[in-house]
Amino acid sequence: MNEIISKLIDFIDLHKGEEDKKKVLENIISNISFRGSNLWILACAIVIASVGLNVNSTAVIIGAMLISPLMGPIVGAGFGLGMYDFELVKKSIKNLLIATVVSLIVSTFYFYISPFKEVQSELLARTSPNIYDVLIAFFGGLVGVIAVTRVEKGNPIPGVAIATALMPPLCTAGYGLATGNYLFFGGALYLYTINCVFICIATFIIVKFLKYPIAKQIDIKHQKQVKQGITVLLLIMIAPSVYFAYRLFDEKKYVQRTENFIETEFPQKDFTLIYKKTDYNTNPKIIELAFLSKKFSALEIKNFNQKLKEYNLLNTQLLIKQDTFDLKNDILNTIGHYKKSGVDKDQLIEDLQKKISNFKANNTKVSQEVSILFPEIKPIAITQYTSKDKTIPVLLYKSKIPINSKSQEKLIIWLKQRLEKDSVEVYRQ
């Protein structure tokens, strides 16, 4: 048994293939300073990353992350802490601050002069850090430091640069400054800080594990203070991240329960849903729905609101839009909101614009013909909806009294021929 354990320990031993400690330290120290070429490389990488975020190009952002030299001072600070070399820590932090300030200045200037200031999904993704960002930064940092201490560096270094993503949050913070969006600035800078701190902590752990020599002998009391300081810093970074992760998880579960409520209470065979909007961040939370032709009474809406509790949709209000004009405005406002936020923008706008077309009374020619052939009715809109991959036109009209069945049948036959459709529906409003 002892032999098996010994072989297992030998199998996972990090000391195998380790580079000479003195040589590793020389490389670490040489990569800390931001002077001359390093500063120019950083500035160019920032511009490239900013352009990538501006045009929503993942490939360009990855390219910027690969050439960014930001990892140097962060790893240097981790080595300094692990070896109690506080001069190295000071030098690393100083250079990291220089790099951060230069990056913010360059990215802010770029976004300030850029004519394109729409919020793209790549930008938005860097504004709400959560616990997963902590895990990525920590384990990415572990991989990076292990690779740095090897004789054969291998392929992990480029992957670590991409995974930990130090550059995009800085550029997003610059965007926030340039546009006066301080929520973006704060969220992106927090994500950047998380990445820096946990890469540093991962480096500290590996340095202690590999038993790098202590640069300066300090007493037990000071060693304890360093460890306590690191613990406090961990808690400060992790606590908000856990909260954000919980909010993200809770929102996804809420959306799932909302979908279940809608599918169960408003089955598609009975109700044609044409508009749906969920607002998780209001108090109470709001679910807005609209249907093609179904009208609900105040009592029915009240009963649906009472049923929300059965689906664990607490502190939620159901609103059913039944006014065409209000609904069109809501859809247009939703498009405007998502134009600004950039989340799945193109697809969302395309979907919503299709819904708007369902409420536009632009088919002037057909409407005029209906008025001539059937003077007893007043056309409101000619719209359409999709059912089982089949588009069905719908005529909405007003009249003092419902038209008789013979006239309605004649109207439907004429509309089928006029619109060249197999099915047509007619409703009086």
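The following dialogue examines how particular features of this predicted model are classified.

Student: Why is the pair of F111 and Y175 called edge-to-face?

Tutor: The ring centres of F111 and Y175 are 5.2 Å apart and their planes stand at 85°. Rings pair if their centres lie within 6.5 Å, and planes over 60 degrees apart count as edge-to-face. The pair is therefore edge-to-face. By this rule the count comes to 11 aromatic pairs.

Student: What makes F111 and Y175 a link between parts of the chain that are apart in sequence?

Tutor: F111 belongs to helix α6 (residues 86-113), whereas Y175 belongs to helix α10 (residues 167-179), so the pair ties together parts 64 residues apart in sequence. Both F111 and Y175 are buried.

Student: How do you know that F266 and F296 form an edge-to-face pair?

Tutor: The distance is 6.0 Å centre to centre, and the angle between the planes is 85°. The limits are a distance within 6.5 Å and an angle over 60 degrees, so the pair of F266 and F296 is edge-to-face. F266 lies in the loop between α12 (220-265) and β1 (273-279), and F296 in the loop between β2 (285-291) and α13 (298-307). Both F266 and F296 are buried. They also take part in one aromatic cluster, together with F261, F304 and Y311.

Student: What makes K21 a charge over the ring of Y212?

Tutor: K21 lies over the face of Y212, at 5.2 Å from the ring centre, and the distance must be within 6 Å. K285 is placed in a like manner over the ring of Y254, with its charged end 5.7 Å from the centre.

Student: Why is V89 called buried?

Tutor: The relative accessibility of V89 is 10%. Buried means under 20%, so V89 counts as buried. V89 is found in helix α6, and it touches A77, G80 and L81, leaving aside residues up to four places away in sequence.

Student: Why does I41 count as partly exposed?

Tutor: The relative accessibility of I41 is 37%. Buried requires under 20% and exposed over 50%, so I41 counts as partly exposed. I41 lies in helix α3 and helps to make a nonpolar surface patch of about 350 Å², along with I48, V60, L66 and I67. Helix α4 gives the most to this patch, with 3 residues.

Student: How do you know that E259 and K276 form a salt bridge?

Tutor: The closest N and O atoms of E259 and K276 are 2.8 Å apart. A salt bridge requires a distance within 4 Å, so this pair qualifies. E259 lies in helix α12 and K276 in strand β1, so the pair ties together parts that are 17 residues apart in sequence. E259, at 28% relative accessible area, is partly exposed, as is K276 at 35%.

Student: What makes E265 buried, and K307 partly exposed?

Tutor: E265 has a relative accessible area of 14%, and K307 has one of 30%. The boundary for buried is under 20%, so E265 counts as buried; K307 falls between the limits of 20% and 50%, so K307 counts as partly exposed. E265 and K307 form a salt bridge, with the closest N and O atoms 3.1 Å apart.

Student: Why does the pair of E369 and R418 tie together parts apart in sequence?

Tutor: E369 is in helix α16 (residues 364-373) and R418 in helix α17 (residues 405-419), so the parts they join are 49 residues apart in sequence. Their side chains meet in a salt bridge at 2.8 Å, N to O. The structure holds 3 salt bridges.

Notes. Residues numbered from 1 in each chain as written. Predicted model: local features only at pLDDT ≥ 70, side-chain atom pairs only at ≥ 80, totals over all residues. Heavy atoms only, no water. Phe/Tyr/Trp six-rings, centres within 6.5 Å; stacked < 30°, edge-to-face > 60°. Helix = DSSP H or I, 4+ residues; strand = E, 2+ residues; numbered from the N terminus. Buried < 20%, exposed > 50% of the residue type's maximum accessible area, 1.4 Å probe, protein only. Lys NZ or Arg CZ within 6 Å of the ring centre and 35° of its normal. Patch = residues over 30% accessible without salt bridge, like charges linked within 9 Å, V, L, I, M, F, W, Y side chains within 5 Å. Areas by Shrake-Rupley, 256 points an atom, 1.4 Å probe, with all protein chains shown as cover. Contact = heavy atoms within 4.5 Å.
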